[in-house]
Amino acid sequence: MADTVLYEVSDGLATITLNRPEAMNALNVAAKVALRDAVRSAADDDAVRAVLLTAAGDRAFCVGQDLKEHIGLLAADRASGSGQTMSTVREHYNPIVKALAGAPKPVVAAVNGVAAGAGFGFALAADYRIVADTAAFNTSFAGVALTADSGISWTLPRVIGPGRATDLLLFPRSITAQEAYELGIANRLVPGAELRAEAEKVARALAEGPTVAYAALKESVAYGLSHSLEEALEKEDELQTRAGSSEDHAIAVQAFVNKEKPKYLGR
C-alpha cells in the first residue's frame, strides 16, 4: 500500500504531500496519523526553514474526513459505547493545526483541487495559500450534521470576517477559486498546470529567507489578533529584540551596505 502522506526535506524545505488521490485525499486514520507526525517533524526540525503542504492528483487537496471509514467506526462505537471515533479532533486535527499555525517557520499550502471540511481547515492554518484556478473550498460540516473543527472556527472568521464565516458554516456551498481569491482565502491564484512550480518557487524563497524574522512575524500577527494595542506594542518590542540579535539581521544589514543580495543562514 502506498504511503498515505509523503514527506521529503530538501535544501531547508519540507514538502508534505497528502497521497490518497484515488479517495480525493480523504483523511482515514492512517492519513491523519501520518500527517500529524509529518507536520510535527517539519515544525520541530531546525534544518527545515519552510514547509510546503500539498496533495497528489488534480481533483482534490483534501475533502476532509473519510466518510466511508467513518461510518464503520461510528457503528463500532455504538456497539461498544466507547465514543472513540470523535476523539480524532483531539488526537489528530488539533495537533495538525497547532503544528501548522505554530511552526516557527513559514507554511505554504498549494491547493490543487477541492479543499473541504478539515482540508479547508488545514489550508487556512497555513501562512500563505497558493490556489489553482480549478480549486474550490467548502466548509461541509453542517452538511453532515457536524460543527466546525480543524481550527476553522478560529481561522475562517479572521480571514473573511465573522459574518461571512457564519454564512459559509451554516450554509455550506462550493466556493470557486476566484471567489476564494476575492474573499482573501487564496493569497495567490494560478493556472492549475503552474501550481506546483509556483508553490515550490515561493516556498523555496521563504526557505532561503530570514527564518527568525519570519517566526517572529507569525507570532506577532497571531498575538495581535487577540491582544490590546499596548500589549501588541510590547510584544513587538520583545520580538524585534529577538530578530535584531539574529545572525540573519547582521547579514542583511551588511548586505544592504554592500549593495549585495543577503545569503541568510536561518538563525
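**Close-up 1. Salt bridges in the predicted model.** This predicted model holds 11 salt bridges. Let's begin with one that joins Asp127 and Lys218, whose side chains meet at 2.9 Å, N to O. Where do Asp127 and Lys218 lie? Asp127 belongs to the loop between α4 and β7 (128-132), while Lys218 is part of helix α9 (residues 211-224), so the salt bridge ties together parts that are 91 residues apart in sequence. The two partners also differ in how they are covered: Asp127 has a relative accessible area of 32% and is partly exposed, whereas Lys218, at 15%, is buried because buried means under 20%.

**Close-up 2. The salt bridge of Glu179 and Arg173.** Next, find the side chains of Glu179 and Arg173, which meet in a salt bridge with an N to O distance of 2.7 Å. Are these residues buried or partly exposed? Glu179 has 22% relative accessibility and counts as partly exposed. Arg173 is partly exposed as well, with a relative accessible area of 35%.

**Close-up 3. A salt bridge between two helices, and its network.** Here the side chains of Arg242 and Glu219 form a salt bridge of 3.3 Å, N to O. Arg242 sits in helix α10 (residues 229-244) and Glu219 in helix α9, so this pair ties together parts that are 23 residues apart in sequence. Arg242 is partly exposed, with a relative accessible area of 36%, and Glu219 is partly exposed too, at 30%. Which residues belong to the network around this pair? Through salt bridges that share partners, Glu219, Lys235, Glu238 and Arg242 are joined into one network.

**Close-up 4. A charge over a ring.** Lys235 appeared in the network of the previous view, and here we look at its charged end. That end sits over the ring of Tyr223, at 4.9 Å from the ring centre.

**Close-up 5. An edge-to-face aromatic pair.** Now we turn to aromatic rings, where the count comes to 2 aromatic pairs. How are the rings of Tyr93 and Phe122 arranged? Their centres are 5.9 Å apart and their planes stand at 70°, so the pair is edge-to-face, because an angle over 60 degrees counts as edge-to-face. The pair links distant parts of the chain, with Tyr93 in helix α3 (residues 88-102) and Phe122 in helix α4 (residues 118-125), 29 residues apart. Both rings belong to buried residues: Tyr93 has a relative accessible area of 3%, and Phe122 has one of 1%.

**Close-up 6. A tilted aromatic pair.** Phe120 and Phe137 form an aromatic pair with 5.1 Å from centre to centre. An angle of 50° lies between their planes, and the pair is tilted. Phe120 is found in helix α4 and Phe137 in strand β8 (residues 136-138), so the pair ties together parts that are 17 residues apart in sequence. Is Phe137 buried or exposed? Phe137 is buried, and so is Phe120.

**Close-up 7. A nonpolar patch on the surface.** Our last stop is a surface patch made by nonpolar residues. Which residues make the patch? Leu67, Met86, Val144 and Leu146 make it, and its area is about 330 Å². Take a moment to find Met86, which lies in the loop between α2 (67-80) and α3. Met86 is partly exposed, with a relative accessible area of 39%.

How values were computed. Residues numbered from 1 in each chain as written. Predicted model: local features only at pLDDT ≥ 70, side-chain atom pairs only at ≥ 80, totals over all residues. Heavy atoms only, no water. Phe/Tyr/Trp six-rings, centres within 6.5 Å; stacked < 30°, edge-to-face > 60°. Helix = DSSP H or I, 4+ residues; strand = E, 2+ residues; numbered from the N terminus. Buried < 20%, exposed > 50% of the residue type's maximum accessible area, 1.4 Å probe, protein only. Lys NZ or Arg CZ within 6 Å of the ring centre and 35° of its normal. Patch = residues over 30% accessible without salt bridge, like charges linked within 9 Å, V, L, I, M, F, W, Y side chains within 5 Å. Areas by Shrake-Rupley, 256 points an atom, 1.4 Å probe, with all protein chains shown as cover. Salt bridge = Lys/Arg side-chain N within 4 Å of Asp/Glu carboxyl O.
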